[in-house]
Amino acid sequence: MLVEGSVTGHALVLGEPLSFWGGLDPNTGKIVETGHPQFGEIVTGRILVLPSGRGSSSSATVLAEAIRVGTAPAGIVLAEPDEIIAIGALAATELYGTTIPVFVASPDGYATVRDGDQVSLLP
């Protein structure tokens, strides 16, 4: 785990990496990146499963803001470590006392998660 915590929820599996900066509206939890395969999907309360983050270090700020306002995913599962996503979750812990777990799955584990599956993240 990059950021510890426990959560269970339904998976939202993304077909491509996501930049939270410009790709997620922190006020609504909606994926707004034009051309993204999951454009229009809501991440709020779901276990967000994605290959990696993409883009600016400002993504950490957008994730922390989504956590603050309650529109963030319940947890994040990555195929590869992403420090920017982890920093966003850790910043929310420090600033707002709220965080979400961020987990890096094994290649086999990542490949088995399907959209809508119930997923549990446990330390």
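These legends accompany close-up views of one chain in a predicted model.

**View 1. The whole chain holds 4 helices and 7 strands.** From the N terminus on, the elements run β-α-β-β-β-α-β-α-β-α-β. The radius of gyration is 13 Å, close to the 14 Å that the globule rule gives for 123 residues, so the chain is as compact as a globular protein of that length. The C-alpha trace spans about 35 × 35 × 20 Å along its principal axes.

**View 2. Burial, surface and contacts are given here for the whole chain.** Of the 123 residues, 43% count as buried. The accessible surface comes to about 5,800 Å². Carbon and sulfur atoms account for 54% of that surface. Contacts at least 6 apart in sequence were also sorted by separation: 77% of them join residues at least 24 apart.

**View 3. An open sheet is built from 5 strands.** The strand order is β6-β5-β4-β1-β7, and the pairing is mixed. Strands β6 (102–104) and β7 form the edges, each pairing on one side only. From one strand to the next, the twist averages 35 degrees.

**View 4. Strand β1 (residues 7–13) runs antiparallel to β7.** The two strands are joined by 4 bridges. V7 of the chain has L121 in β7 as its bridge partner. G9 stands opposite V119, also in β7.

**View 5. Side chains alternate along strand β7 (residues 118–121).** V119 and L121 point to one face and are buried. Q118 and S120 point to the other face and are not buried. The two buried residues also appear in the pairing with β1: V119 lies opposite G9, and L121 is the bridge partner of V7. Strand β7 is an edge strand of the sheet.

**View 6. Helix α2 (residues 59–69) carries a set of buried residues.** They are S59, A60, V62, L63, A64, A66 and I67. An α-helix has 3.6 residues a turn, so residues three or four places apart point the same way. Which elements cover the buried residues of α2? The cover includes two helices, α1 (20–23) and α3 (83–96). It also includes the strands β2 (24–25) and β5 (75–78). Strand β5 sits between β6 and β4 in the sheet order.

**View 7. G70 comes just after α2.** Its phi is positive, at about 85 degrees. The helix before G70 ends at residue 69.

Technical notes: Residues numbered from 1 in each chain as written. Predicted model: local features only at pLDDT ≥ 70, side-chain atom pairs only at ≥ 80, totals over all residues. Heavy atoms only, no water. Buried < 20%, exposed > 50% of the residue type's maximum accessible area, 1.4 Å probe, protein only. Pairing = 2+ DSSP bridges. Axes fitted to C-alpha atoms, helices over the stretch in contact; angles between N-to-C directions. Rg over C-alpha atoms; globule rule 2.2 N^0.38 Å. Contact = heavy atoms within 4.5 Å. Areas by Shrake-Rupley, 256 points an atom, 1.4 Å probe, with all protein chains shown as cover.
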